[in-house]
Amino acid sequence: MPHETLGLLGKDSIVNVYLGDCVEKTMTILFADIRDFSTLSEDMTPRENFVFINEYLNRMEPVITQHGGIIDKYLGDGIMALFPTDADNALHGAIEMLRALDGYNAGRKLSGVEPVRIGIGMNTGLMLLGVIGGSKRLESTVISDAVNLAARIEAMTKKYRTPLLISEHTYYSLRDATHHDIRFLDRVRVKGKKQPQSVHEVY
């Protein structure tokens with residue numbers, strides 16, 4: 001459990017955390033995933049895969065934390081991060097992740113290997129941050145429909161062939177959307193949602 005999550009739960013020590021502890025809070029959720037990871041990894045040994053993922057995550061983690069983000073979990077080659085302060089920090093963090101990736105790919109190009117592409121999806125909404133698990137294994141996470149939508153939007157980056165998509169909820173949570181290059185991309189009905197959702201591209 002990250003120290004920042006302890007603070008959000010109002011706890012001063014991990015020993016005071018119990019199964020079922022939770023707090024309701026509006027946050028921005030970010031999902032990031034490496035595109036075509038299976039293709040990238042098929043030419044690598046398991047150890048090379050392990051080293052590659054750690055090199056990539058080591059580039060992304062400081063960018064997220066520098067913008068007030070909390071890494072909720074690593075999903076293999078994917079990242080799920082929470083931004084409890086505001087949507088602007090989350091969007092700046094996502095943009096800097098893509099810039100950090102450019103630097104990483106410059107080094108890969110010099111080594112003669114394929115560049116890494118990622119997709120980032122973001123959504124802002126009310127969610128429950130808390131402790132789940134069983135008697136032998138606990139972990140902190142966030143649960144809500146807003147989290148599911150963020151994951152769906154990240155998956156849409158494959159279809160629209162763009163690295164960064166945000167929901168309308170994140171768009172309208174920005175203090176000044178004109179500070180960024182953002183365009184309305186589509187209105188889609190995502191799996192698990194009855195009402196169509198507006199999706200915006202940040203480029």
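## D21 and its partner K11

D21 is a buried residue, with a relative accessible area of 18%. In this predicted model, D21 falls on that side of the divide because buried means under 20% relative accessible area. Its charged side chain has company: D21 and K11 meet in a salt bridge, with 3.3 Å from N to O. The two residues are 10 apart in the chain, and both sit in the loop between α1 (3–8) and β1 (22–34).

Is K11 buried or partly exposed? K11 has 24% relative accessibility, so it counts as partly exposed. General chemistry helps here: side chains of opposite charge can pair when their charged atoms come close.

## A buried pair: E154 and R35

Now look for E154 and R35, which form another salt bridge. Their closest N and O atoms are 2.6 Å apart. E154 belongs to helix α5 (residues 145–160), while R35 is found in the loop between β1 and α2 (37–41). In sequence these parts are 119 residues apart, so the salt bridge ties together stretches that you would not find side by side when reading along the chain. Both partners, E154 and R35, are buried.

This pair also belongs to a network: salt bridges with shared partners join D33, R35 and E154. Try finding these three residues together in the structure.

## A partly exposed pair: R117 and D36

Which residue does R117 meet in a salt bridge? The partner is D36, and the distance from N to O is 2.5 Å. R117 sits in the loop between α4 (87–110) and β4 (118–133), and D36 in the loop between β1 and α2. The pair links distant parts of the chain, 81 residues apart.

R117 has a relative accessible area of 46%, which makes it partly exposed. D36 is partly exposed as well, at 48% relative accessibility.

The pairs described here are examples from a longer list. How many salt bridges does a search of the whole structure find? The total is 11.

## A nonpolar patch on the surface

Charged pairs are one part of the picture; nonpolar side chains are another topic to explore. M1, I14 and V15 make a nonpolar surface patch of about 280 Å². M1 lies in the segment before α1. With a relative accessible area of 36%, M1 is partly exposed, and residues in such patches need over 30%.

Note on methods. Residues are numbered from 1 along each chain as its sequence is written. This is a predicted model: local features need pLDDT of at least 70, side-chain atom pairs count only at pLDDT 80 or more; totals for chains, interfaces and linings use all residues. Side-chain values use heavy atoms; hydrogens and water are left out. A salt bridge is a side-chain nitrogen of Lys or Arg within 4 Å of a carboxyl oxygen of Asp or Glu. Helices (H or I, at least four residues) and strands (E, at least two) are DSSP runs, numbered from the N terminus. Buried means under 20% relative accessible area, exposed over 50%, partly exposed in between (1.4 Å probe, protein chains only). Patches are made of residues with over 30% relative accessible area and no salt bridge: like charges are joined within 9 Å, nonpolar side chains (Val, Leu, Ile, Met, Phe, Trp, Tyr) within 5 Å. Accessible areas come from the Shrake-Rupley method with a 1.4 Å probe; for residues, only the protein chains shown count as cover.
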